[in-house]
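Welcome! Please take a moment to look over the chain and its ligands before you try the exercises.

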Amino acid sequence: MEGIIRENTDEAQRQAEFIVKAHDALLVLERKAGRKLKACVVTFGCQMNARDSEKLRGILDRTGFILTEEELDADLIIYNTCTVRDNADQHVYGRLGRLTGLKKKKPELIVGLCGCMMQEETVVRKIRKSYPVVDLIFGTHNLFTFPELLARKLSGERRVTELWEGTDQIVENLPVKRKFRFKSGVNIMFGCDNFCSYCIVPYVRGRERSRLSRDILDEIRSLSDDGVKEIMLLGQNVNSYGRGLGNEMTFSQLLREVCAVPGIERVRFMTSHPKDLSDELIAAIAEEPKVCRHIHLPVQSGSTDVLRKMNRRYTRSDYLRLVEKIREADPDISITTDIIVGFPGETEEDFEKTVSLVKEVGFDSAFTFIYSKRTGTPAAKMENQIPEEIVHKRFERLLETVKETGEAACARFEGRTMNVLAEELNKEPGFVSGRISHNIMVHFPGDRDDIGKIIPVKLTDCRGFYYFGERVQ
Ligand code: SAH
Ligand code: SF4
Ligand code: F3S
């Protein structure tokens with residue numbers, strides 16, 4: 001039943017009962033060990049995974065584990081994996097190799113794997129065969145069953161594996177442990193239906209499902225009550241929010257409703273697909289002062305031919321027109337992007353079009369990726385895969401260009417006083433670091449008491465992509 005959401009409050013209740021069971025089993029293990037046990041969740045990949053990890057931490061915290069960031073200290077380690085590019089997979093295998101050594105010294109160690117890599121059969125087969133260190137495996141579709149699987153593992157089951165091929169469920173109200181007190185991601189949708197020809201996300205995250213606006217707004221109200229000031233609305237393609245909900249609300253309407261929640265001072269969103277970015281949304285961004293002056297708009301390539309093969313469903317000129325419209329609405333807005341180099345069949349001429357588009361737009365920054373062949377995607381079967389040396393040369397050249405446009409764009413703030421949300425202590429004693437609405441990092445004099453506050457800072461010293469600034473109050 002694609003697109004239809006079964007709100008499943010019974011399931012949330014069922015899982016809450018498993019948290020109690022897991023807690024009881026943990027007490028037994030702690031008595032045996034003669035101390036409290038610690039858990040560590042390591043996140044790979046995107047903001048969606050980061051948010052999922054907050055849910056895992058919430059469940060572990062409620063179960064009674066002490067949460068730690070130190071993997072070596074932990075009695076239970078969970079890797080929340082990403083598989084968007086092959087190097088993400090290789091990284092996890094490398095770290096599992098090291099955990100195998102650790103488990104020899106610490107036989108009681110529990111190792112769990114979840115996230116996007118687990119939705120690939122070949123990966124799971126390899127792990128079962130070659131990595132006996134792994135005790136617990138689950139996927140993206142059944143993350144909410146973690147309490148149940150944890151209870152089984154803590155009660156002594158040897159290897160717990162549960163993987164689903166898909167789901168039509170969205171289970172609300174599981175516990176969450178946030179990384180930051182003052183800001184939070186909020187899922188507005190799950191999955192992706194776009195099937196860009198290079199991308200594995202639709203296969204590992206399943207069909208697009210939007211949450212009910214009522215549930216999203218309830219969550220944001222309670223986050224606000226809990227001290228959250230900045231919200232990041234999360235989805236693979238936020239612009240298509242509401243599809244499948246009988247057009248209950250469009251993304252721009254949702255954005256305006258989120259801005260109206262008392263206590264919320266900044267709203268960000270990620271990611272926008274250029275093909276679905278509406279005039280209505282551009283108007284909402286321009287009119288709502290709480291919406292941050294930053295839009296992440298992945299272009300992937302500057303060549304219309306490549307974009308067609310990528311199944312992105314816009315042309316180079318569509319993209320440039322969109323940028324123009326956004327800048328007509330707000331000339332000062334930051335625009336960032338993602339670019340893939342070395343897509344199958346990319347000619348020197350195609351690549352030059354990407355370089356010229358980067359210059360023409362003058363992106364504030366860009367994540368640049370070398371094309372990675374993902375098994376099961378249409379692009380993996382395309383002819384003309386580009387040799388590595390050529391791709392590397394192009395990649396270096398693109399990095400240079402992105403650096404130039406990024407530095408030029410960043411310099412436009414020099415001397416201006418901007419509000420900075422202080423996020424963390426800087427490594428440099430006596431300094432804190434935070435972001436302006438345009439998402440640029442600023443370091444300025446401050447201390448622990450400033451964290452979570454919005455502070456006016458004069459941006460005096462541009463260092464390429466970030467600033468050192470002076471407080472004006
Ligand atoms: N939903 C977002 C992107 C999510 S993945 C969007 O469509 O904009 C984040 C980025 O990873 C993509 O924008 C793309 O640039 C990159 N990416 C995805 N698959 C890739 C692959 N097979 N090889 C290299 N980069 C890839
Ligand atoms: Fe992947 Fe395209 Fe979906 Fe983004 S929109 S997650 S790139 S398929
Ligand atoms: Fe990676 Fe999964 Fe995100 S593949 S980029 S963690 S949706």
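Three exercises with worked solutions follow.

This is a predicted model, in which local features need pLDDT of at least 70, side-chain atom pairs count only at pLDDT 80 or more, and totals for chains, interfaces and linings use all residues. Residues are numbered from 1 along each chain as its sequence is written, chains are lettered from A and ligands numbered from 1 in the order in which they are written, and side-chain values use heavy atoms, with hydrogens and water left out.

**Exercise 1.** Find which residues come nearest to ligand 1, and which of their atoms make polar contacts with ligand 1.

Step 1. Start with the shell, where a residue counts if one of its heavy atoms lies within 4 Å. Ligand 1 has 15 residues around it, and Gln 236, Pro 298, Gln 300, Asp 338 and Ser 372 come nearest.

Step 2. Sort the shell by type: 7 residues are nonpolar, 4 polar and 4 charged. Here Ala, Val, Leu, Ile, Met, Phe, Trp, Tyr, Cys and Pro count as nonpolar, Asp, Glu, Lys and Arg as charged, and the others, Gly among them, as polar.

Step 3. Look for polar contacts (pairs of N or O atoms within 3.5 Å). The side chain of Asp 338 has an N or O atom 2.6 Å from an oxygen atom of ligand 1. From Ser 372, a backbone N or O atom lies 2.8 Å from a nitrogen atom of the ligand.

Step 4. Check the cover, using accessible areas from the Shrake-Rupley method with a 1.4 Å probe. On its own ligand 1 has 540 Å² of accessible area, and the protein covers 90% of it.

**Exercise 2.** List the residues around ligand 3 and divide them by type.

Step 1. Around ligand 3 you will find Cys 46, Asn 49, Cys 82, Thr 83, Val 84, Cys 116, Arg 205 and Gln 236.

Step 2. This shell holds 4 nonpolar, 3 polar and 1 charged.

**Exercise 3.** Work out the strand order of the open sheet of 3 strands.

Step 1. Strands are DSSP runs of E with at least two residues, helices runs of H or I with at least four, and two strands pair if DSSP finds at least two bridges between them. The order is S9-S12-S13, with parallel pairing.

Step 2. Strand S9 (183–187) and strand S13 (266–270) are the edges, each pairing on one side only.

Step 3. Follow one pair: S12 (residues 230–234) and S13 share 5 bridges, and Leu 233 stands opposite Phe 269 in S13.

Key
A polar contact is a pair of N or O atoms within 3.5 Å; within protein, one must be able to donate a hydrogen and the other to accept it, and residues adjacent in sequence count only if both atoms are side-chain atoms.
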